[in-house]
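Here are a few exercises to work through with the model open beside you. Try each task before you read its solution.

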Amino acid sequence: MRSRTALALVSLVLTATVACEEILAEVTAPPEEERAARRPRRPRNRRQNTAPQLPQPQYQQPQGQQPAFAPSTVGPIVNRLRVTFVDVGQGDAALLETADGHSALIDAGPPEGDEHLRALLAQKGIRTLDWMLLTHPHLDHIGGARNVLGAVRVQRVIDPAYPHPIATYDRLLAAIQQQAIPFVPARQGQTLALGAGVSVEVLQPRLPFIDRSRSEANANSIVTRVIAGAVRVLFTGDAETETEERLLAENRAQLAADVLKVAHHGSRYASTQPFLSAVSARAAVISCGAGNDYGHPHAETLAALARNNVQVYRTDQQGDVELSTDGARYQFRATPWRVPSAAMR
Ligand SMILES: [Zn+2]
């Protein structure tokens with residue numbers, strides 16, 4: 001089975017280079033000096049368990065299940081980039097749309113989120129995706145991918161090319177091959193194009209893959225930083241602690257971001273303090289299903305984000321979470337929760 005997957009992957013590899021309505025909060029991306037000043041300083045006494053003192057964000061922290069969000073005060077943002085963290089239940093899918101009509105997908109959610117994902121693409125009138133990037137071959141990230149290929153034209157599929165013998169992945173690779181869609185392994189150092197004024201840096205994985213981890217498929221997730229003007233969004237897939245260690249060692253300068261897609265649905269096996277400090281995000285999105293069986297997001301991760309004064313948005317509580325930016329300011333909106341979690345069906 002493994003060799004069949006590996007063979008399918010090899011046959012797909014064409015080239016390793018890619019030329020390739022409620023306002024929740026609105027924030028202006030701060031200049032670099034301010035970002036540096038905002039980065040938490042390590043307490044002098046490490047045993048002293050106090051949160052670093054940071055300037056307060058411009059919006060209110062959510063209270064309880066239904067957060068109260070400050071409305072926009074600076075008018076509508078002319079979008080350079082819109083990112084919709086789609087409520088696909090327990091999994092990840094984020095739709096990227098640019099002002100000049102380009103779009104791409106980072107992950108395609110689990111099978112139970114597929115209907116909503118395709119409905120969203122149809123509702124937005126998206127018939128072509130510049131690329132579909134699958135961070136790693138687990139069901140909660142690739143489960144909807146084959147149906148997306150059936151619903152819209154995908155110009156390129158990007159994935160880690162990490163052999164993972166599950167039937168869903170084999171069938172997906174077969175569909176990619178059948179449709180003759182260029183398949184590109186994501187590797188550190190690549191840049192993916194997505195319309196004017198938006199670029200996507202591939203930070204990880206690289207070869208050799210991480211081979212000692214709790215989950216090697218997770219650990220070799222594609223990590224990307226999407227850049228739209230001064231606004232940066234870091235996508236981490238289901239990164240593990242080992243991924244974060246590699247990122248800190250090899251990509252430290254590229255980790256700084258305004259918005260963090262929290263790794264692995266808020267699992268305790270990622271989002272370490274050194275990583276959160278290097279990213280220094282003001283806002284974060286957790287993509288997970290309500291009442292999921294994994295206990296995501298874990299309390300430790302939520303506590304770590306709170307200690308770092310990161311405003312958290314959650315698809316299990318707020319439905320589709322939409323981030324839009326003109327390249328200087330960004331704002332969040334949410335639409336009602338739609339996809340029932342597997343546990344509730
Ligand atoms: Zn996952």
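**Exercise 1: A well-connected leucine**

Leu105 touches Ala93, Leu95, Leu129, Met132, Leu133 and Val148, leaving out residues up to four places away in sequence. Bear in mind as you look that this is a predicted model.

Task: find which residues of the largest nonpolar core touch the most other members.

Solution. Start from the core itself, which has 84 residues. Then look for the members with the most contacts inside that core: they are Leu105, Met132, Leu133 and Ala284. Finally, return to the contacts of Leu105, which include Met132 and Leu133.

**Exercise 2: The two sides of helix 3**

Task: work out which residues of helix 3 (residues 114-123) are buried, and what they pack against.

Solution. Step one is to pick out the buried residues: Asp114, His116, Leu117 and Leu120. They share one side of helix 3, because they cover an arc of only 170° around the axis. A general rule helps here: an α-helix has 3.6 residues a turn, so residues three or four places apart point the same way.

Step two is to turn to the other side of helix 3, where Ala119, Ala122 and Gln123 are exposed.

Step three is to find the partners of the buried residues, which pack against strand 3 (94-98) and helix 5 (145-151). As a last stop, look just after helix 3, where Gly125 has a positive phi of about 70°.

**Exercise 3: Positive phi without glycine**

Task: for Ala161 and Ser280, locate each residue and decide whether it is buried or exposed.

Solution. Take Ala161 first: its phi is near 55°, a positive value in a residue other than glycine. Ala161 sits in the loop between strand 8 (157-159) and helix 6 (167-178). Burial calls for 20 or more other C-beta atoms within 10 Å. Ala161 has 24 C-beta neighbours inside 10 Å, so it counts as buried.

Now Ser280, which is not a glycine either and has a positive phi of about 55°. Its place is in the loop between helix 9 (273-279) and strand 15 (283-286). Ser280 is buried, because 20 other C-beta atoms lie within 10 Å.

**Exercise 4: Cis prolines in a loop**

Task: find where Pro205 lies and give the omega of the peptide bond that leads to it from Gln204. Do likewise for Pro208 and the bond from Leu207.

Solution. Pro205 lies in the loop between strand 11 (198-204) and helix 7 (216-219). The Gln204 to Pro205 bond is cis, with omega near 5°. Pro208 is also in the loop between strand 11 and helix 7, and the bond from Leu207 to Pro208 is cis, with omega near -5°.

Technical notes. Residues are numbered from 1 along each chain as its sequence is written. This is a predicted model: local features need pLDDT of at least 70, side-chain atom pairs count only at pLDDT 80 or more; totals for chains, interfaces and linings use all residues. A residue is buried if 20 or more other C-beta atoms lie within 10 Å of its own, exposed if 12 or fewer, and partly exposed in between; C-beta atoms are placed from the backbone. Helices (H or I, at least four residues) and strands (E, at least two) are DSSP runs, numbered from the N terminus. The arc is that of the directions from the helix axis to the C-beta atoms. Two residues are in contact if their C-beta atoms, placed from the backbone, lie within 7 Å. A nonpolar core is a set of buried Ala, Val, Leu, Ile, Met, Phe, Trp, Tyr and Cys residues joined through C-beta atoms within 7 Å.
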